[in-house]
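Visitor: Hi! Could you walk me through the empty spaces and the strand layout of this one?
Guide: Happy to, here it is.

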Amino acid sequence: MAAAAAARRVGVLGRACGRGGARGYRAALCAELAKPLLVRDVPSPPLQPHQVRVGVHYCGLNFADILACRGLYQEKHTLPFTPGMEFSGTVVEIGENVSAVKEGCRVIGVTGTTAMAEECVIDQKRLWRIPEGVSDEDAAALPVTYGTATLVLDRRARVQPGETVLVTAGAGATGLAVIDLAVNIFKAKVIAAAGSDAKCELALKSGVSHSVNYSRSSLRDEVKRLTDGRGADVAVEAVGGDIFKAALQSLAWEGRIVVMGFAGGKIPSIPANLLLLKNVSAMGVYWSRYQKENFPVFSSAISSALQYRQEGKIHPNIGAVFKLEEANEAFNHVLQRKSTGKVIISMK
């Protein structure tokens with residue numbers, strides 16, 4: 001019933017867009033959970049006060065988008081909906097009482113959904129100007145991954161210069177962002193852990209001191225060896241399952257582990273005795289929650305990433321670019337663990 005109702009709404013959207021030459025744009029639509037996305041023409045909504053219409057150039061693809069289209073994300077959406085949490089583009093129209101940007105400004109934006117489209121209408125406070133010298137491609141790769149990485153390293157783990165940071169899923173988009181910031185901004189020593197030699201090699205090229213292939217070596221033993229038995233001061237964990245436990249066991253005295261996600265599909269339980277024995281701290285980071293609970297911190301993380309990129313201090317790794325019509329191929333690319341670095345969708 002829900003799928004049929006969603007399909008009817010998709011049909012209404014398409015007819016409304018084509019009626020009388022009304023202004024419209026193309027968007028990827030999730031009309032039914034766990035089914036391929038549809039690319040359809042949809043009508044442009046009118047602007048409300050404080051809103052801005054942006055012509056989208058690139059949309060960053062995140063694992064959360066895939067989970068949302070399967071009905072597995074923390075936040076549920078009414079069908080049909082357009083996925084996409086972040087984008088870069090150019091302001092094409094502003095509503096009343098908009099002062100943060102003007103027409104022609106290059107911007108990045110953060111949304112819960114709607115970014116995987118040629119156009120996005122968004123509140124002005126969720127836009128950040130792209131500085132000169134920063135490309136639209138790089139800008140689209142910054143909000144989620146580098147915003148998350150900044151919160152992990154600065155707000156949660158409070159990494160200090162010279163500390164050793166272990167990063168699992170070290171060749172993924174967020175893993176590489178954590179590595180980039182940890183090495184170049186926080187001046188930490190980084191050990192990257194990944195599931196293949198090729199991914200470990202990519203992490204090494206990103207500036208880590210060492211890499212560990214946890215598909216054929218003991219992560220705990222290798223970290224112990226690489227740190228002369230001391231362990232890592234901080235572990236940034238995004239895989240879950242047995243890798244989480246190994247990362248937790250790899251911590252030094254009074255170490256900190258920050259949970260970013262569960263890319264391996266298994267949400268681990270934390271053996272509390274491991275926290276006790278070494279006086280370690282376990283914490284999480286949920287990037288989008290900061291948008292609601294502490295917007296100044298959320299905004300500052302994105303602004304810092306833009307500044308670091310403009311100054312040439314960080315270097316986003318864009319692993320693949322897909323066209324809007326190839327959105328399903330992009331989803332599969334991520335699901336099949338083929339992706340390294342950030343995957344973005346081009347509207348051009």
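Guide: We'll go through the ground rules, then the pockets, the cavity, the strands and a few backbone details.

Visitor: Great. What should I know about the model and its numbering?
Guide: This is a predicted model, where local features need pLDDT of at least 70, side-chain atom pairs count only at pLDDT 80 or more, and totals for chains, interfaces and linings use all residues. Residues are numbered from 1 along each chain as its sequence is written, and side-chain values use heavy atoms, with hydrogens and water left out.

Visitor: Which feature does UniProt place at residues 31-345?
Guide: The unreviewed UniProt entry puts "domain: Enoyl reductase (ER)" there. UniProt positions are in the numbering used here, feature names are shortened, and annotations may be inferred rather than shown by experiment. The span 31-345 is 31% helix and 26% strand, and its end C-alpha atoms lie 19 Å apart. Helices (H or I, at least four residues) and strands (E, at least two) are DSSP runs, numbered from the N terminus.

Visitor: On to the holes. How much space lies in the largest pocket?
Guide: About 1400 Å³. A pocket here is an open set of points on a 1 Å grid over the protein atoms alone, with protein on both sides within 12 Å along at least five of seven lines; a cavity is a set where a 1.4 Å probe fits but cannot get out, and lining residues have an atom within 4 Å of a point. Grid points are joined across faces, edges and corners, and a volume is the space filled by probe spheres set on the points.

Visitor: And what lines the largest pocket?
Guide: It has 45 lining residues, with Phe63, Ala238, Gly261, Phe262 and Ala263 nearest its centre. Helix 2 (63-68), helix 4 (143-156), helix 5 (173-184), helix 12 (327-335) and strand 15 (342-346) each contribute at least two residues to that lining. By type, the lining has 26 nonpolar, 16 polar and 3 charged residues. Nonpolar covers Ala, Val, Leu, Ile, Met, Phe, Trp, Tyr, Cys and Pro, charged covers Asp, Glu, Lys and Arg, and the others, Gly among them, count as polar.

Visitor: What about the second largest pocket?
Guide: That one holds about 290 Å³. Of its 17 lining residues, Tyr25, Val42, Pro43, Thr82 and Thr114 lie nearest the centre. Strand 1 (24-29), strand 2 (38-43) and strand 6 (119-123) each give two or more residues to this lining. The split is 13 nonpolar, 3 polar and 1 charged.

Visitor: How many cavities of 30 Å³ or more are there?
Guide: The count comes to 1, and the largest cavity holds about 50 Å³. Among its lining residues are Thr145, Tyr146, Pro316 and Lys342. Helix 5 gives the largest share of the lining, 3 residues, and the lining divides into 6 nonpolar, 2 polar and 1 charged.

Visitor: Switching to strands: is strand 11 buried or exposed?
Guide: Buried: 6 of the 6 residues of strand 11 (residues 232-237) are buried, so the strand is largely enclosed by the rest of the structure. Buried means under 20% relative accessible area, exposed over 50%, and partly exposed in between (1.4 Å probe, protein chains only).

Visitor: Which strands does strand 11 pair with?
Guide: Strand 8 (residues 164-167) runs parallel to strand 11 and is joined to it by 3 bridges, with Val165 partnered by Val234. Strand 12 (residues 251-259) also pairs with strand 11 in the parallel sense, over 5 bridges, and there Ala235 has Ile257 as its bridge partner. Two strands pair if DSSP finds at least two bridges between them.

Visitor: What sits with strands 11 and 12 in the β-α-β unit?
Guide: Helix 8 (residues 241-249), and the unit is right-handed. That means that, with the strands pointing away from the viewer, the path from the first strand over the helix to the second runs clockwise. Strand 9, helix 6 (residues 197-205) and strand 10 make a right-handed β-α-β unit as well.

Visitor: Last topic, backbone oddities. Where is the cis peptide bond?
Guide: From Leu79 to Pro80, with omega near -10°; Pro80 is in the loop between helix 2 and strand 4 (86-94). Thr114 is not a glycine, yet its phi is positive, near 85°, and Thr114 is partly exposed at 34% relative accessible area. Asn279 also has a positive phi, of about 55°, and lies in the loop between helix 9 (272-277) and strand 13 (281-284).
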